[in-house]
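Open the model in your viewer and keep the selection tool at hand. Each stop below says what to select and what is there.

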There are 2 protein chains.
Amino acid sequence: MIAVTIGLDIGGTKIHGIAADVTRPDAVLAEVRTPTVLGPTGVVATALEVVKHLVEALPDDTTVVAVGAGIPGAVDADGVLTNAVNLDITEALDLRGALSSALSVPVTVNNDVNAAARGVATWLRSRGEPEDVALLSVGTGLAAGFVLDGRLRRGASGLVGEIGHLAVVEDGPRCTCGQHGCLELYASGRGLARQWPYDGPGPEPVAVFDAADAGDERAIAVRDTFLHWLGEAIRIVTLSVDPARVVLTGGVMRLGPRVIEPLFARLGSDETASSFVSSLRLRERTVALPVEYPAAALGAAELATDQGRSGSWRS
Amino acid sequence: MIAVTIGLDIGGTKIHGIAADVTRPDAVLAEVRTPTVLGPTGVVATALEVVKHLVEALPDDTTVVAVGAGIPGAVDADGVLTNAVNLDITEALDLRGALSSALSVPVTVNNDVNAAARGVATWLRSRGEPEDVALLSVGTGLAAGFVLDGRLRRGASGLVGEIGHLAVVEDGPRCTCGQHGCLELYASGRGLARQWPYDGPGPEPVAVFDAADAGDERAIAVRDTFLHWLGEAIRIVTLSVDPARVVLTGGVMRLGPRVIEPLFARLGSDETASSFVSSLRLRERTVALPVEYPAAALGAAELATDQGRSGSWRS
């Protein structure tokens, strides 16, 4: 008998589910992607459908011992979701309750960036590194997740890692959060789209990077602003909690070396400013997660397994 | 027999030592303050003198089971001190080795802000609150310390809490660290002294606050700038690790309500900007440590006791 945990990365576009061996949390035994039906009923139904397809894909001698979900929004200790506007969920949703009553296995629900931080820590452990990391998720928005000294930092009030809403530019444009000049207005996909409106094929980040490569001066300025503030985000997490690693992930990081190379060139040239800056070792500390690594789904599964081990499963 | 741990808060002006009951870490049985002799030999000699005076002040039936020291500078896992320029210690100093060989008891050495964070967490516990805190030390410089989910965050490379060296003002004045516009150029005692040079009696922070109260427009601007950036420091730690408490301490905080009241007024008026900002609950989260609470000395003692409990004392 193989005991497996199912991890769900619930996003506004799709739900990505994996089934992982509980004894080897980065061994993916089955994988399913299904478009998300938005709204509370749709999200629950899509999640249950993904679990069903995963179970069908597993060999007969496997048993699902737990399900973990990572979802964008604030999740309390009881697995109740709030603030999930990207999923068209405007009222509090007892996601843990809805999934566990339908599935009859223990369910654990976490914020998706926290789940991804857990998954990234496992990835680091598989490389022989300590589980000590600040994850920077550079997607539509900008957020951080932390696994410190091996433990996921959940925070006191659902605000952990919300560095995208540090107001860094005085008199900057208004953010959806009501403040002005927030970090994520510059260092995120939404920030690039805001400064480089584009309705052609493909995502905005590619368009602005292509235009910059072609020599468009305004595109170069937008790209440089993005890189500057992404560097600041790396400094903020480093000078706060001093993680062994800063790991970059999220949609914009699909640009790969087109972001990493000029980012590292900037971090390198900043080091010439002072021995203090070079002592931060930002280039050695920072690494991009491989684009296809399913950090949030694996992390969600691992958090469900952890909770089972600690004897606090509730079904 | 009463088992006690001695805690030393080693500063550039004085060494403050306390003897605490190991079973009640905030019960101070004896207290000594001695002016610091600077330089490696002087610091070690002063520390030993403080320990001697504490032992003499204790009843006969007490046994010192460990000594903990908190000291400004970078301290590695072996208790070796570097970067302690305020103590005129320019080369690496094996402080743990020097003290433990002279005292014949286990010695633990930590950075002073980290020791204070541990002491503040104990203070919170004594108030029935969780040990989950970002300490902001607003002294000559500005630095943070973190006890998260009950554990002191030591960090990967001696940089934990160095938020004072986030460069927040483009083209700002040059900092001693070599960067420009660092946060501590505004939100610290050194920052106030830089903007309000003063050679009268008493410390600069009092002078600039007095002048501001008397209506001096430039002093009001310096004070408002200080308060603005202190508020930003509170936001940075909150939106990074979301601590249950932000606790303010350090020399500038001796101004007490003269800082706290206008700071809270600012945080309150910022809340009107958006529901996101008010959701941070910065005023409820933030509290000033009572001025005379010996957080660094108590925390240094407690870290020594903890290390003993975990069985990793080395003498």
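Select helix α1 of chain A, then show what packs over its buried residues: the cover includes strands β1 (2–10), β2 (14–21), β3 (24–35) and β4 (62–71) and helix α2 (95–103) of chain A. The model is a predicted one.

Now colour the buried residues of α1(A), which are V43(A), T46(A), A47(A), V50(A), V51(A) and L54(A). These residues lie on the same side of α1(A), because they cover an arc of only 140° around its axis. A general rule helps here: an α-helix has 3.6 residues a turn, so residues three or four places apart point the same way. Turn to the other side of α1(A) and select T41(A) and E56(A), which are exposed.

Before leaving α1(A), check its length. The helix runs over residues 40–57, and at 1.5 Å a residue its 18 residues should span 26 Å. The C-alpha atoms at its ends are 26 Å apart, which agrees.

Next, select V138(A), in strand β9 (residues 133–138) of chain A. Is V138(A) buried or exposed? V138(A) is buried, because 28 other C-beta atoms lie within 10 Å, and 20 or more make a residue buried. Apart from neighbours within four places in sequence, V138(A) is in contact with A187(A), S188(A), L230(A), L248(A), G250(A), V252(A) and M253(A). Add T249(A) to the selection: its C-alpha atom is 6.0 Å from that of V138(A), although the two residues are 111 residues apart along the chain.

One contact of V138(A), L230(A), leads to the next stop. Select helix α6 (residues 217–241) and helix α7 (residues 257–271) of chain A, whose axes come within 10 Å and cross at roughly 65°. The crossing of α6(A) with α7(A) is right-handed. Which residues make the contact? From α6(A) they are L227(A), L230(A) and G231(A), and from α7(A) they are P262(A), L263(A), R266(A) and L267(A). By type, the residues of this contact are 5 nonpolar, 1 polar and 1 charged.

Now show both chains. Where they meet, 35 residues of chain B are in contact with 35 residues of chain A. On the chain B side, the elements that give two or more residues are β10 (142–148), α6 (217–241) and α8 (275–279). Helix α6(B) gives the largest share, 7 residues. The chain B side divides into 18 nonpolar, 9 polar and 8 charged residues.

Stay with chain B and select L38(B), in the loop between β3 (24–35) and α1 (40–57). L38(B) counts as partly exposed, because it has 16 C-beta neighbours inside 10 Å. Leaving out residues up to four places away in sequence, L38(B) touches V43(B), L87(B) and D88(B). For a long distance, select R281(B) as well: the C-alpha atoms of L38(B) and R281(B) are separated by 42 Å.

From L38(B), step to its contact D88(B), which lies in the loop between β6 and β7 of chain B. D88(B) is not a glycine, yet its phi is positive, about 55°. With 14 C-beta neighbours inside 10 Å, D88(B) is partly exposed.

Finish with N83(B), in the loop between β6 (80–82) and β7 (93–94) of chain B. N83(B) has a positive phi too, near 65°, and is a residue other than glycine. N83(B) counts as partly exposed, with 16 C-beta neighbours inside 10 Å.

Definitions and conventions:
Residues numbered from 1 in each chain as written. Chains lettered and ligands numbered in written order. Predicted model: local features only at pLDDT ≥ 70, side-chain atom pairs only at ≥ 80, totals over all residues. Axes fitted to C-alpha atoms, helices over the stretch in contact; angles between N-to-C directions. Helix = DSSP H or I, 4+ residues; strand = E, 2+ residues; numbered from the N terminus. Left-handed = near helix turned anticlockwise from the far one by under 90°. Contact = placed C-beta atoms within 7 Å. Nonpolar A, V, L, I, M, F, W, Y, C, P; charged D, E, K, R; others polar. Expected span 1.5 Å × (residues − 1). Buried ≥ 20, exposed ≤ 12 C-beta atoms within 10 Å, placed from the backbone. Arc of directions from axis to C-beta.
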